[in-house]
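Here's a walk through a single-chain fold, starting from one helix and working outwards. Have the structure open as you read.

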Amino acid sequence: MKAAATVRLAETQDLHQLADLFDQYRQFYECPPDLSAAKNWIADNLERGRSTIFAADDGTQLLGFTQLYPALCSVDLVEYFVLYDLFVAPSARRQGIARALMNAASEWAKTQGAARLDLETARDNAPGQSLYRDLGYLLDYFFLQFNIGRSLV
């Protein structure tokens with residue numbers, strides 16, 4: 001990493017910077033910019049304890065984040081986490097921040113007694129897929145994912 005970044009659990013005082021990063025993350029996935037909605041989502045998650053968010057902090061600003069949600073597997077009768085969001089500011093990429101965020105999330109999930117940590121990514125996200133494989137994540141060839149999509153909204 002160029003600037004020494006610390007990965008830590010996000011706090012309510014991080015809301016404005018997290019919302020900005022989250023809004024950029026959503027735009028990466030072709031959602032229209034909506035800083036207000038991003039801020040409300042992150043604020044609600046932090047207030048309700050609905051997710052766990054790790055932030056990479058260089059001492060002056062947040063450089064990236066990852067967000068995990070709790071989940072259950074009724075087949076294996078276990079609790080696990082879904083790493084749903086991972087984003088590093090474009091100016092801070094290629095410095096090991098995404099890897100540090102992923103490692104912090106994985107270690108934290110272990111301390112919580114999680115059986116596993118799952119994630120999904122876009123088929124064309126080659127850099128992300130490379131990182132996930134490098135960290136030991138395995139591609140699931142067994143299950144297919146189906147959804148109804150945004151038509152429910």
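Which elements do the buried residues of α4 pack against? The partners are β4 (78-88), α3 (97-111) and β5 (117-119). Keep in mind throughout that this is a predicted model.

**Helix α4 and its ends**

Let's stay with that helix for a bit. α4 covers residues 126-134, and its buried residues are G128, L131 and Y132. Looking down the axis of α4, those buried residues fall within an arc of 100°, so they line one face of the helix. The background here is simple geometry: an α-helix has 3.6 residues a turn, so residues three or four places apart point the same way.

Both ends of α4 have something to look at. At the N-terminal end, N125 acts as the cap, with a side-chain oxygen 3.0 Å from the backbone nitrogen of G128. That puts G128 in two roles: it is among the buried residues of α4, and its backbone nitrogen is the partner of the N125 cap. Just after α4, G136 has a positive phi of about 100°.

Step back into the loop between β5 and α4 and you'll find A122. A122 touches Y29 and Q129, once residues up to four places away in sequence are set aside. Y29 is 93 residues away from A122 along the chain, yet their C-alpha atoms are separated by 8.5 Å. How buried or exposed is A122? A122 has a relative accessible area of 21%, so it counts as partly exposed; the cut-off for buried is under 20%.

**The overall fold**

Now zoom out. The protein has four helices and five strands, and along the sequence they run β-α-α-β-β-β-α-β-α. The radius of gyration is 16 Å, close to the 15 Å that the globule rule gives for 153 residues, so the protein is as compact as a globular protein of that length. If you'd like dimensions, the C-alpha trace spans about 45 × 35 × 30 Å along its principal axes.

As for the inside, 37% of the 153 residues count as buried. Among contacts with a separation of 6 or more, 57% are between residues 24 or more positions apart. On the outside, the accessible surface comes to about 10100 Å², and carbon and sulfur atoms account for 53% of that.

**A buried threonine in β2**

T52 is a good place to look at packing. T52 sits in strand β2, which covers residues 52-57, and it is buried, with a relative accessible area of 15%. What is T52 in contact with, leaving aside its neighbours within four places in sequence? The list is L9, T66, Q67, L68 and W108. Two of the elements already named turn up again here: W108 falls within α3, given as 97-111, and T66, Q67 and L68 fall within β3, given as 62-73.

**Loops and odd backbone angles**

Three loop residues are worth a click. L77 lies in the loop between β3 (62-73) and β4, and its phi is positive, at about 60°, although L77 is not a glycine. R94 lies in the loop between β4 and α3; its phi is near 65°, again a positive value in a residue other than glycine. P33 is in the loop between α1 (15-28) and α2 (35-48).

P33 has contacts back to D23 and Q27, leaving aside neighbours within four places in sequence. The C-alpha atoms of P33 and D23 are separated by 6.3 Å, with the two positions 10 residues apart along the chain counted as their spacing.

Here is how these three loop residues come out for accessibility:

| Residue | Relative accessible area | Class |
|---|---|---|
| L77 | 74% | exposed |
| R94 | 86% | exposed |
| P33 | 61% | exposed |

**Cysteines**

How many disulfides does a search of the whole structure find? The search finds zero. C31 is buried, with a relative accessible area of 13%, and C73 is buried too, with a relative accessible area of 13%.

Definitions and conventions: Residues are numbered from 1 along each chain as its sequence is written. This is a predicted model: local features need pLDDT of at least 70, side-chain atom pairs count only at pLDDT 80 or more; totals for chains, interfaces and linings use all residues. Side-chain values use heavy atoms; hydrogens and water are left out. A disulfide is a pair of cysteine sulfur atoms within 2.5 Å. Buried means under 20% relative accessible area, exposed over 50%, partly exposed in between (1.4 Å probe, protein chains only). The arc is that of the directions from the helix axis to the C-beta atoms. Contact means heavy atoms within 4.5 Å. A polar contact is a pair of N or O atoms within 3.5 Å; within protein, one must be able to donate a hydrogen and the other to accept it, and residues adjacent in sequence count only if both atoms are side-chain atoms. The radius of gyration is taken over C-alpha atoms; the globule rule is 2.2 Å times the number of residues to the power 0.38. Accessible areas come from the Shrake-Rupley method with a 1.4 Å probe; for residues, only the protein chains shown count as cover.
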